[in-house]
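Visitor: I have a structure open and would like to talk through its architecture. Could you guide me?

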Amino acid sequence: MITESKFQQTYNFGFIDESTKKEIRRKLLKAVAIPGYQVPYSSPEMPIARGWGTGGLHATLSLIGPEDIFKIIDQGSDASVNACNLRDFVKRMTNCRTTFDTAEATLIQTRHRKPEEILTDKQIIVFQVPQPEPLRSVERYEFKTRLMHAEADYAKMWVSLYESYVKFGAIMQGAGYPVRVNGRYIMTPSPIPRWDVPNLSMAPCLHVFSAGREKRLHCVPPFTKVEPLEFEDVKFHVEDFGAITCAASGGDKAFMDEIYESETSRKFVMNDSNFMDKVRSGTRPPQRLFTNPTV
Amino acid sequence: MNYQDSDNGWLLRVRNLTKIYGDPISNSIQYTGPAHGTNICPETDAIVACAEINFDLYPGEVLGVVGESGSGKSTLVQLLYFDQMATGGEVHFKAIDEGKTNIVTLSNQRKRQARSSLMGMVYQNPRDGLNFNFSAGGNIAEKLLMAGNFHVGRIRERASFLLEKTEVPVKRMDNTPATFSGGMQQRVQISKAIANNPPLLFLDEVTSGLDVSVQAKVLDLIRHLQRELGVSMIVVSHDLAVIRMLTDRTLVMKNGRIVESGLTDQILQDPQHPYTQLLVSSLL
């Protein structure tokens, strides 16, 4: 029988070998130096399939140290399958302490959400990214999108937003809303809801976005300006939940999941499970809320 | 300073513009051209698409370029519109750095900037000039957005104005050009080309794929816009009737060279070069 300790001996700390970690860290440094720029990296083989969070794992495992406290969420929840499996894996490969508490964690890996709670300058958040190229929807050739980025040629992206407005009366991009980072590169912020997009801007924490299948990583460093693309007269809006309150905690002003109870009724609960737990226990953490423009 | 280089109020000055495909040798240009009846270099098979092109274009002037297919006339405008990279030569444009810079050597970013706000191009095939995945309005918006106009209301206002001007039903602004007739597509292309009021417009065989009555309408529109906006144009056509109707001055090209140039009336009435004589006498 293969025991836990035997695994610890067989694999390097954090599963990935040291020279590959070094390579990923170098690419991360480059990505921090050029905010929003997609840096190609090695994307080594992992014991899960590419596209199932390998990009996030690469960044996490090359950044994590023995003293780190690790948290991982999937769609806002610590308890969903992807999060549980990856947490077990990271735990087994590093023996780091794990937590559900957003404030306590030093390294957070996430899929589809940035936690509601304000992250500090002691924290790094790693996003799992399925498609790092924001221009892919308007240009299918990689060599062309790279040229477009190099020359800041974003007219097609703008036209697609214009078209969306003309067809539907609003910019319909729900998740992965295109943003301009530090006034230069247009970046996709992973498929986080529009609700989370303003929270990327001028945040104290480091954001790492990593796409394992596409072998690209990009970063939003602390205190970097992130602007969602918007027109002078058609502004960016976050999801409007109005006066909806969470059925489990009674709180409002957070990103909500809509749950259908039966054929006739539905309820809303907060998507960020740790945040909901804190609201329920009466200690609502500080949040940065975006006010939709009236136009 | 000789006459050739003097500043006589030109808008676009082209000197020795050359485009060679393949492997050129020092003699490629010497071995090709109308005197040899070919534009293929006999030693390396390099194709000299155009060479030794010299002319000035003046503000508000309409310059015609005629010649048989393969004579290099489309290549010439594609070089000027940066669709292709020139092999050599100089192009100066008054609207860029007051004409001091050879625009052939500009960075891609500045070339795109020039294309989007200082030049317009209407291609023979609307699919080259329009993106059929976008609506007609979106295609015009692309030009306006490139020039830094990010107000949807104003973009739509301008697009409606342009479509009205080019007689495309404004109601169809949000349809893709794929659902339009050939004549309408061509008019959308013209709207897009003049969206930012560029001082320079290139028209490459704009009416060649259209039936005669639509041709007349499109030509009428171009002439009208030219008078109204005072834009300078380079009109490429193999159709002498189009050249006669639109242009003030004409260049005749053969095997990648200019063989004759002068006032359009003069060239059509009294052609000097044997090739021009043949061209004029072949007119139905």
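Guide: We can take the sheet of chain A, then the contact between the chains, then the nonpolar cores; please keep in mind that this is a predicted model.

Visitor: What is the strand order of the open sheet in chain A?

Guide: The seven strands of this open sheet run in the order 1-9-8-5-4-2-3, and their pairing is mixed. Strand 1 (39-40) and strand 3 (97-98) of chain A are the edge strands, each pairing on one side only.

Visitor: Which helices pack on the sheet?

Guide: Helix 2 (residues 18-33) of chain A does, touching strand 1, strand 8 (206-211) and strand 9 (216-220) of chain A. Its direction makes about 45 degrees with that of strand 9 of chain A. Helix 4 (residues 81-94) of chain A also packs on the sheet, in contact with strand 2, strand 3 and strand 4 (107-111) of chain A. The angle between the directions of helix 4 and strand 2 of chain A is about 155 degrees.

Visitor: Back to strand 9 of chain A: how many of its residues are buried?

Guide: Five of its five residues are buried. R216(A), H218(A) and V220(A) lie on one side, with L217(A) and C219(A) on the other.

Visitor: Why do they split that way?

Guide: In a regular strand the side chains alternate between the two faces of the sheet.

Visitor: And in which sense does strand 9 of chain A pair with strand 1 and with strand 8 of chain A?

Guide: Strand 1 of chain A pairs with strand 9 of chain A in the antiparallel sense over two bridges, and P40(A) has R216(A) as its bridge partner. The pairing of strand 8 with strand 9 of chain A is antiparallel too, over five bridges, and there A211(A) stands opposite R216(A). Strands 8 and 9 of chain A form a hairpin with four residues between them, and K215(A) in the turn has a positive phi of about 60 degrees.

Visitor: Changing topic, how many residues of each chain are in contact with the other?

Guide: On chain B there are 17, in contact with 13 residues of chain A. Helix 4 of chain B supplies the largest share of the chain B side, six residues. By class, that side has seven nonpolar, seven polar and three charged residues.

Visitor: Which residues touch the most other members of the largest nonpolar core?

Guide: They are V208(A), L217(A), F202(B), L203(B) and I234(B), in a core of 135 residues. Strand 2 (residues 47-57) of chain B gives the most to this core, with seven residues. A second, separate core of nine residues includes C246(A), F255(A), M270(A) and F275(A).

Terms used: Residues numbered from 1 in each chain as written. Chains lettered and ligands numbered in written order. Predicted model: local features only at pLDDT ≥ 70, side-chain atom pairs only at ≥ 80, totals over all residues. Core = buried A, V, L, I, M, F, W, Y, C linked by C-beta atoms within 7 Å. Buried ≥ 20, exposed ≤ 12 C-beta atoms within 10 Å, placed from the backbone. Pairing = 2+ DSSP bridges. Contact = placed C-beta atoms within 7 Å. Axes fitted to C-alpha atoms, helices over the stretch in contact; angles between N-to-C directions. Nonpolar A, V, L, I, M, F, W, Y, C, P; charged D, E, K, R; others polar.
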